[in-house]
Amino acid sequence: MTTPRPWYKEFWPWFLLGILGMAVVMGVTFLVFSIVAFDGTVDDDYYKRGLAINQVLEQDQHAAELDMQANLTIDDLTGDVIVDLQGESRPEQLRLDLIFPTQGNRDQQVMLERVRNGHYVGQLPRALQYRWYVHLQPAVDDPDWRLQGEIELPRKAPLTLRADSQTP
């Protein structure tokens, strides 16, 4: 008569323990990632933000009514931002928002000063890379128009922002 092998010398107990061990390792890994990459909870004013989409659409429509268009040039070496604005509105200052699609802490805001009729200049704090969403609007508390688009940086050619198209 043969004596049975001890359990720790069998394949199946170790296979099942391996599956359970991998589940624990993956659970701890996802827990660490969720703590490190915490993006906050739902804002308390989510309903107000949802209603604000109508105001944003009105800004886009008003830009089309004013026949607004802008040529945006960003110098990747110096960080100079140059905007040539065309249309019926010529505010003293423009606000350029460069929004990074996945990480809100990388967003940039540049105030552009008018140097002559329709020509605005500003300065980025550092050179940027990758894809960004672009919002251009007057630098006031409640802007009445907005131009938007997307840009891949660095970019040599100017980006044309038009009121009638989302991404030129």
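## A hairpin and its neighbour

In this predicted model, strands β1 and β2 form a hairpin with 5 residues between the strands. Gly-79 takes a positive phi there, near 85 degrees. Strand β1 covers residues 69–74, and β2 covers residues 80–86. The two run antiparallel and are joined by 6 bridges. One residue to look for is Gln-69, whose bridge partner in β2 is Gln-86.

Strand β1 also pairs with β8, which spans residues 159–162. This pairing is antiparallel too, and it runs over 4 bridges. Here Leu-72 stands opposite Leu-159 of β8.

## Two faces of β1

In a regular strand, side chains alternate between the two faces of the sheet. Strand β1 shows such alternation. Ala-70, Leu-72 and Ile-74 point to one face, and they are buried. Gln-69, Asn-71 and Thr-73 point to the other face, and they are not buried.

## Aromatic pairs

A search of the whole structure finds 6 aromatic pairs. One of them joins Trp-12 and Phe-15. Their ring centres lie 5.5 Å apart, with 85 degrees between the planes, so the pair is edge-to-face, a label given to angles over 60 degrees. Both residues belong to helix α1. Trp-12 and Phe-15 are 3 residues apart, so about one helical turn separates them. Trp-12 is exposed, at 56% relative accessible area. Phe-15 is partly exposed, at 39%.

Phe-100 and Trp-132 form another edge-to-face pair, 5.0 Å centre to centre with 65 degrees between the planes. Phe-100 lies in the loop between β3 and β4, while Trp-132 lies in strand β6, so this pair ties together parts that are 32 residues apart in sequence. Both residues are buried: Phe-100 has 10% relative accessibility, and Trp-132 has 0%.

Phe-100 has a charged partner as well. The charged end of Arg-106 sits over the Phe-100 ring, 4.0 Å from the ring centre.

## A nonpolar patch on the surface

Which residues make the nonpolar surface patch? They are Trp-7, Tyr-8, Trp-14, Leu-17 and Leu-20, and the patch is about 600 Å². Ring pairs link Trp-7, Tyr-8 and Trp-14 into a cluster.

Leu-20 sits in helix α1, which runs over residues 11–36. Is Leu-20 buried or exposed? Its relative accessibility is 54%, so Leu-20 counts as exposed.

Key
Residues numbered from 1 in each chain as written. Predicted model: local features only at pLDDT ≥ 70, side-chain atom pairs only at ≥ 80, totals over all residues. Heavy atoms only, no water. Patch = residues over 30% accessible without salt bridge, like charges linked within 9 Å, V, L, I, M, F, W, Y side chains within 5 Å. Areas by Shrake-Rupley, 256 points an atom, 1.4 Å probe, with all protein chains shown as cover. Salt bridge = Lys/Arg side-chain N within 4 Å of Asp/Glu carboxyl O. Buried < 20%, exposed > 50% of the residue type's maximum accessible area, 1.4 Å probe, protein only. Pairing = 2+ DSSP bridges. Phe/Tyr/Trp six-rings, centres within 6.5 Å; stacked < 30°, edge-to-face > 60°. Lys NZ or Arg CZ within 6 Å of the ring centre and 35° of its normal.
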